[in-house]
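Hi,

Here is the structure I promised to pass on. Have a look at it first, and then read on for what turned up in it.

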Amino acid sequence: MPHQLEQDSLGRLVFVDSNGSRHIGVHPVRAFPITAPGVGIGIMDQSGKELFWYPNVKHITEAELGLIEEELAAREFMPVIIKITQVSTFATPSIWDIETDRGPTRIRLKGEEDIRRIAGNTLLIADSNGMQFLIKDATQLDKVSKKLLDRFR
């Protein structure tokens, strides 16, 4: 019997392995959520043990992929910064007014170390509350945003 991923009546993900054992409350985890989101997704049990590995989203059935993407969307909330409109000061801590793909917001940057380069021109910014914000390509920001960001890198 091949494996199966389904949702129970309470909305929890259930993984049925090739032996027929049911693992309730599993969750998917991407190996590289920012740089290669379609490569490597593990199905983990509640204790963090890997039950199954999908090497690529191409190997996942449409029904299972729908369940996985729904679960990941709930777990991987990471707004994308589109524009930096204003910063309170060029010293840290500072307050940033930004526009994201989910609307405008204000974040507090504790220090320059909270701006991390992930790969190429992709940046990850952590605000003082631990919320993560993504800049997919810093070179694609508008002129004002680039100038403000460059003061902190």
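Before the details, one cut-off to keep in mind: a residue is called buried under 20% relative accessible area, exposed over 50%, and partly exposed in between. With a relative accessible area of 38%, T139 therefore goes down as partly exposed. Please also remember that this is a predicted model.

T139 sits in the loop between β12 and α2. Leaving out residues up to four places away in sequence, T139 touches N121 and K146. If you want a sense of distance, try G40: T139 and G40 are 99 residues apart in sequence, and their C-alpha atoms are 28 Å apart in space.

Now the overall picture. The protein has 2 helices and 12 strands, and going along the sequence you meet them as β-β-β-β-β-β-α-β-β-β-β-β-β-α. Is the whole thing more spread out or more compact than a globule? More spread out than a compact globule, because the radius of gyration is 19 Å, well over the 15 Å that the globule rule gives for 153 residues. The C-alpha trace spans about 60 × 25 × 25 Å along its principal axes.

A few totals for the protein:

- Of the 153 residues, 37% count as buried.
- About 9000 Å² is exposed, and carbon and sulfur atoms supply 50% of that.
- Among contacts with a separation of 6 or more, 32% are between residues 24 or more positions apart.
- There are 19 positive and 21 negative charges, and the mean positions of the two sets are 8 Å apart.

What about the inside? In soluble globular proteins, nonpolar side chains tend to be buried together. Here the largest nonpolar core has 17 residues, and I84, W96, I115, I125, I135 and L149 have the most contacts inside it. At least two residues of this core come from each of β7 (81-87), β8 (94-100), β9 (103-109), β11 (122-126), β12 (132-135) and α2 (143-150). The biggest contributor is β7, with 3 residues.

I115 is a good place to zoom in. Not counting residues up to four places away in sequence, I115 touches W96, L109, L123, L124, I125, L149, F152 and R153. There is also a second, separate core, made of 12 residues, and L5, I43, L65 and L72 are included in it.

Helix α1 covers residues 62-75 and contains A73. Is A73 buried or exposed? Exposed, because its relative accessible area is 56%. The C-alpha atoms of A73 and I125 are separated by 19 Å, and the two residues are 52 apart along the chain.

Last stop: the loop between β7 and β8. Most peptide bonds are trans. However, a cis peptide bond joins T92 and P93, with omega at about 5°. P93 is in the loop between β7 and β8, and S88 is found in that loop as well. Apart from neighbours within four places in sequence, S88 is in contact with S94 and I95. S88 and G11 are 77 residues apart in sequence, with 43 Å between their C-alpha atoms.

If you only have a minute, I'd open the model at I115 and its contacts, W96 and L149 among them, and then go to the cis bond between T92 and P93.

Cheers

Key. Residues are numbered from 1 along each chain as its sequence is written. This is a predicted model: local features need pLDDT of at least 70, side-chain atom pairs count only at pLDDT 80 or more; totals for chains, interfaces and linings use all residues. Side-chain values use heavy atoms; hydrogens and water are left out. Helices (H or I, at least four residues) and strands (E, at least two) are DSSP runs, numbered from the N terminus. The radius of gyration is taken over C-alpha atoms; the globule rule is 2.2 Å times the number of residues to the power 0.38. Buried means under 20% relative accessible area, exposed over 50%, partly exposed in between (1.4 Å probe, protein chains only). Contact means heavy atoms within 4.5 Å. Accessible areas come from the Shrake-Rupley method with a 1.4 Å probe; for residues, only the protein chains shown count as cover. Lys and Arg count as positive and Asp and Glu as negative; His and the chain ends are not counted. The place of a charge is taken as NZ of Lys, CZ of Arg, CG of Asp or CD of Glu. A nonpolar core is a set of buried Ala, Val, Leu, Ile, Met, Phe, Trp, Tyr and Cys residues joined through side-chain atoms within 4.5 Å.
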